[in-house]
Amino acid sequence: MRGRTESKSRAQLTSIPDNAGGIRSIIEVPLRYLSASIVVVLSLVMATAYSITQLRDVVTITVIFAILILANGWSGLVHAPNRYPAAITATLIGVSTVFAVRVTDDMAWGTVALGAAVLVAAIVEMGRPQPREELVESISASVTAGLTAILGSAWVSLTTSPLWSVILIGAAVVTSLTVVGNQFGSSVRANAVGSLGVGTAAGLFMGGVAALLGQDTHIIALAFPSLPGSLSPTVSIVVTSGVLGLAIGAVIAIVDGLVGEHNRRCTEAGAFARGATKFLMAVVPIYILVHIGAL
């Protein structure tokens, strides 16, 4: 009787790891999509709150929050030799740039901030005890984190005009849809195809929505006046939106190819930082195309 009881207890104990493993696998499944979830939340919360309130500070706060997420997990994302230099550089430079752009409505502060990022990274490294091993890698990680945070402030610059704000909301929606497409498949190529395809389709869709709402003529007149006059505003806005979606997809694919979890793993904080990086970098092609078109 005792032997049977011990055997039963032993059998129950040996079955626990299987059950625990099953539970653990269920819990860990969403972690694959952690960075994508961050992008979707940041983009849609910003777009929804801004479209309802029309308060520029909604965008400002969202970008600052993304920068703080980036700063916290950057070292885990890129496997930097030291955690604090990159965190300090991204926080100081990124938040300062966002405030400068918000107050002055001038993205030119980004150029000043880039030089300051190099200086801050060097000063922080000087505080490390000697010998300062992997010095170049640490400074490079800090400056890159600072640059990513600086570029993200372009979201704030798009709030300077009511019609550019329409572009901002549409771009945020396209970004959230594109990062979902980036989850298709498991290889770098499959993820890239997914982000490029969904990004282009989402851009075309948002362009069609703008045309249906009668915003195509106003957007083209303000943001893209240099487009050929032979094209109708509807065709122009749809084609331009498709190009913007493709560009956003390219940015998402590049970030995923560089720091995605294909042949390397990172911490949960690093996954959060990857999502923040995609959100902050997605605005770059939008800013470039809008401002080049407005020349």
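**Two helices and a core**

Guide: Let's start where two helices touch: Arg56, Asp57, Thr60, Val63, Ile64, Ile67, Leu68, Ala71 and Trp74 in helix 3 meet Ala86, Ala87, Ala90, Thr91, Gly94, Val95, Val98, Phe99 and Arg102 in helix 4. Keep in mind that this is a predicted model.

Visitor: What classes of residue make up the contact of helix 3 with helix 4?

Guide: There are 12 nonpolar, three polar and three charged residues in that contact.

Visitor: How do the axes of helix 3 and helix 4 cross?

Guide: Helix 3 covers residues 56-78 and helix 4 covers residues 84-104; their axes come within 8 Å and cross at roughly 170°.

Visitor: So is helix 3 roughly parallel or roughly antiparallel to helix 4, and why?

Guide: Roughly antiparallel, because angles over 145 degrees get that name, and the crossing here is roughly 170°.

Visitor: Why is Phe99 called what it is: buried, partly exposed or exposed?

Guide: Phe99, which sits in helix 4, has a relative accessible area of 45%. Buried means under 20% and exposed means over 50%, so Phe99 lands in between and is partly exposed. As for its surroundings, its C-alpha is 8.7 Å from that of Ser153, 54 residues apart along the chain.

Visitor: And what makes Tyr287 buried or partly exposed?

Guide: Tyr287 belongs to helix 12 (residues 268-293). Its relative accessibility is 21%, and buried needs under 20%, so Tyr287 counts as partly exposed.

Visitor: Which residues does Tyr287 touch, not counting those up to four places away in sequence?

Guide: Met107, Ala154 and Ser157. Leu244 is 43 residues from Tyr287 in sequence, and their C-alpha atoms are 9.9 Å apart in space.

Visitor: Which residues touch the most other members of the largest nonpolar core?

Guide: Val59, Val63, Trp155, Phe279 and Ile286, in a core of 57 residues. Several elements give two or more residues to this core, among them helix 2 (34-53), helix 8 (162-181) and helix 11 (233-259). Helix 3 supplies the largest share, 11 residues.

Visitor: What is Trp155 in contact with, leaving aside its neighbours within four places in sequence?

Guide: Trp155 contacts Met46, Val59, Val63, Leu168, Ala171, Ala172, Thr175, Phe279, Leu280, Val283 and Ile286.

Visitor: How many residues are in the second, separate core?

Guide: That core has six residues, including Ile93, Ala113, Val120 and Ile150.

Conventions: Residues are numbered from 1 along each chain as its sequence is written. This is a predicted model: local features need pLDDT of at least 70, side-chain atom pairs count only at pLDDT 80 or more; totals for chains, interfaces and linings use all residues. Side-chain values use heavy atoms; hydrogens and water are left out. Axes are lines fitted to C-alpha atoms, for helices over the stretch in contact, and angles run from 0 to 180 degrees between N-to-C directions. Helices (H or I, at least four residues) and strands (E, at least two) are DSSP runs, numbered from the N terminus. Angles under 35 degrees count as roughly parallel, over 145 as roughly antiparallel, 65 to 115 as roughly perpendicular and the rest as oblique. Contact means heavy atoms within 4.5 Å. Ala, Val, Leu, Ile, Met, Phe, Trp, Tyr, Cys and Pro count as nonpolar, Asp, Glu, Lys and Arg as charged, and the others, Gly among them, as polar. Buried means under 20% relative accessible area, exposed over 50%, partly exposed in between (1.4 Å probe, protein chains only). A nonpolar core is a set of buried Ala, Val, Leu, Ile, Met, Phe, Trp, Tyr and Cys residues joined through side-chain atoms within 4.5 Å.
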